Amino acid sequence: MNSKRFNEKGQLIVGENFCCEHWEPDDGALVPMKECWCCKWASFKTDSNDHMSEGVCGYVGNGIDAVQEDGVTVIS
Ligand code: SF4
């Protein structure tokens with residue numbers, strides 16, 4: 001089963017070392033590894049700037065509306 005979790009805004013929830021085919025290096029990464037932590041689409045900070053072990057992916061193609069069209073099971 002291909003299951004993904006999303007936040008209340010429909011953004012994909014990701015772990016630091018997850019990666020997908022839409023990865024693009026974050027400008028701030030000195031040695032960008034192919035994982036969400038170093039991807040320009042990811043955010044691992046709260047509104048108060050605290051670090052989280054899980055983050056959200058801002059890439060529209062990974063959002064809930066896009067993946068539901070692909071038949072992915074959604075867990076909220
Ligand atoms: S942050 Fe999103 S686009 Fe970037 S690697 Fe992770 S899942 Fe893919």
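**Note on a predicted model: sheet, ligand shell and loops**

1. Start with the sheet. β2 and β4 are joined by four bridges and run antiparallel. In this pairing, G15 stands opposite E54 of β4. The model is a predicted one, so please read every point below in the light of its confidence values, taken up in point 3.

2. The overall make-up is quickly told. The protein has one helix and five strands. From the N terminus, the order of elements is β-β-β-β-α-β. The chain has 76 residues, and 18% of them are buried. Among contacts with a separation of 6 or more, 42% link residues 24 or more positions apart.

3. Next, confidence. The mean pLDDT of the protein is 86. A value of 70 or more is reached by 87% of the residues. Strand β2, residues 12–15, has the highest confidence, with a mean of 95. Strand β5, residues 73–75, has the lowest, with a mean of 64.

4. Back to the sheet as a whole. It is open, has three strands and follows the order β2-β4-β3, with antiparallel pairing. β2 and β3 stand at the edges; each has a single partner strand, so one side of each lacks a neighbour in the sheet. From one strand to the next, the twist averages 35°.

5. The second pairing is between β3, residues 42–45, and β4, residues 51–57. Three bridges join these two strands, which run antiparallel. S43 has V56 of β4 as its bridge partner. K45 is bridged to H51, also in β4. The two strands form a hairpin with five residues between them. One residue in the turn, N49, has a positive phi of about 75°.

6. The two faces of β2 deserve a look. Which residues lie on the covered face of β2, and which on the uncovered one? L12 and V14 are on the covered face. I13 and G15 are on the uncovered face. G15 is also the residue opposite E54 in β4.

7. The ligand comes next. It is surrounded by 14 residues. The closest are C20, C36, C39, A42 and C57. By class, the shell has twelve nonpolar residues and two polar ones. No charged residue belongs to the shell.

8. C38 is worth a separate point. The residue is in the loop between β2 and β3. Is C38 buried or exposed? C38 counts as buried because 20 C-beta neighbours lie inside 10 Å, and the cut-off for a buried residue is 20 or more. Outside its neighbours within four places in sequence, C38 is in contact with P25, D26, A29, P32 and M33. D26 is twelve residues from C38 in sequence, and their C-alpha atoms are 5.4 Å apart.

9. Compare that with E8, found in the loop between β1 (3–5) and β2. E8 has 6 other C-beta atoms within 10 Å, so E8 is exposed; 12 or fewer is the cut-off for that class. Along the chain, E8 and I64 are 56 residues apart. Their C-alpha atoms are separated by 10.0 Å.

10. The last point concerns the helix. D65 is in α1, which covers residues 64–68. Why does D65 count as exposed? D65 is exposed because 10 other C-beta atoms lie within 10 Å, and the class takes in counts of 12 or fewer. D65 and G10 are 55 residues apart along the chain. In space, the C-alpha atoms of D65 and G10 are separated by 7.4 Å.

Key:
Residues numbered from 1 in each chain as written. Predicted model: local features only at pLDDT ≥ 70, side-chain atom pairs only at ≥ 80, totals over all residues. Near = placed C-beta within 6 Å. Nonpolar A, V, L, I, M, F, W, Y, C, P; charged D, E, K, R; others polar. Pairing = 2+ DSSP bridges. pLDDT = per-residue confidence, 0-100. Axes fitted to C-alpha atoms, helices over the stretch in contact; angles between N-to-C directions. Contact = placed C-beta atoms within 7 Å.
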